[in-house]
Amino acid sequence: RCPKWITAQELDRWAATPLAKVMLPDLLRRLVRVTVPRNHLQRIDFPAGAEAQRPGYDGTTVTTEGTTFVPKGITFWELGCVVGNPRGKAQDDYDNRIKEHKARIARGETENLKEATFVAVTAVDWQKAQEWAAEHATDGYFGAVRAYDSNTLEHWMQDAPAVGLWLAQEV
């Protein structure tokens, strides 16, 4: 009923390849599209392939209802394939986004991150991902903070077997 086409360990190995950086946004885009009902998905933006190096967040979603993996409302996604230090990559991304936010506020621009969720995603094993998210959940910048690793992605792909099959064929 829920075939597993690719495992977390296979994702860990894939993350070390050059293609993973440009394919991870496409994976997330596909997972969101398949697991969020169309009538609840108001916006989705995950630049992938040659567009993966655009400035700004690696992904943005806006939904009217949340799912197990996609939060309700505005979500800003940061993606990484850093083998050996996923926490460092997530922390750098988080710190950079907070710094940008503070700069916009200093310029008089209004931005309320407290209505948004920040999700750090890595395609590698990060056993303390939930601890990192919990540490940042109460710092007052974002309304919520989540962190997903290869294990989480394996679970998500079981909800979206066609996406898991696509990635297994690519890998």
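**Surface, fold and largest pocket of a predicted model**

The protein exposes about 8900 Å², of which carbon and sulfur atoms supply 49%; such areas come from the Shrake-Rupley method with a 1.4 Å probe, and for residues only the protein chains shown count as cover. This is a predicted model, in which local features need pLDDT of at least 70 and side-chain atom pairs count only at pLDDT 80 or more, while totals for chains, interfaces and linings use all residues. Residues are numbered from 1 along each chain as its sequence is written, and side-chain values use heavy atoms, with hydrogens and water left out.

The protein contains six helices and five strands, where helices (H or I, at least four residues) and strands (E, at least two) are DSSP runs numbered from the N terminus. Along the sequence, their pattern is α-α-β-β-β-α-β-α-β-α-α. Of the 171 residues, 47% count as buried (under 20% relative accessible area, 1.4 Å probe, protein chains only).

Where is empty space left? Rolling a probe the size of a water molecule over the atoms shows this. A pocket is an open set of points on a 1 Å grid over the protein atoms alone, where a 1.4 Å probe fits, with protein on both sides within 12 Å along at least five of seven lines; lining residues have an atom within 4 Å of a point. The largest pocket is lined by 19 residues, of which Ala52, Gln53, Asp58, Leu79 and Lys89 lie nearest its centre. The elements that each give two or more residues to this lining are α2 (18–35), β3 (73–80) and α3 (86–106). The largest share, five residues, comes from α3.

Note on methods
Buried means under 20% relative accessible area, exposed over 50%, partly exposed in between (1.4 Å probe, protein chains only).
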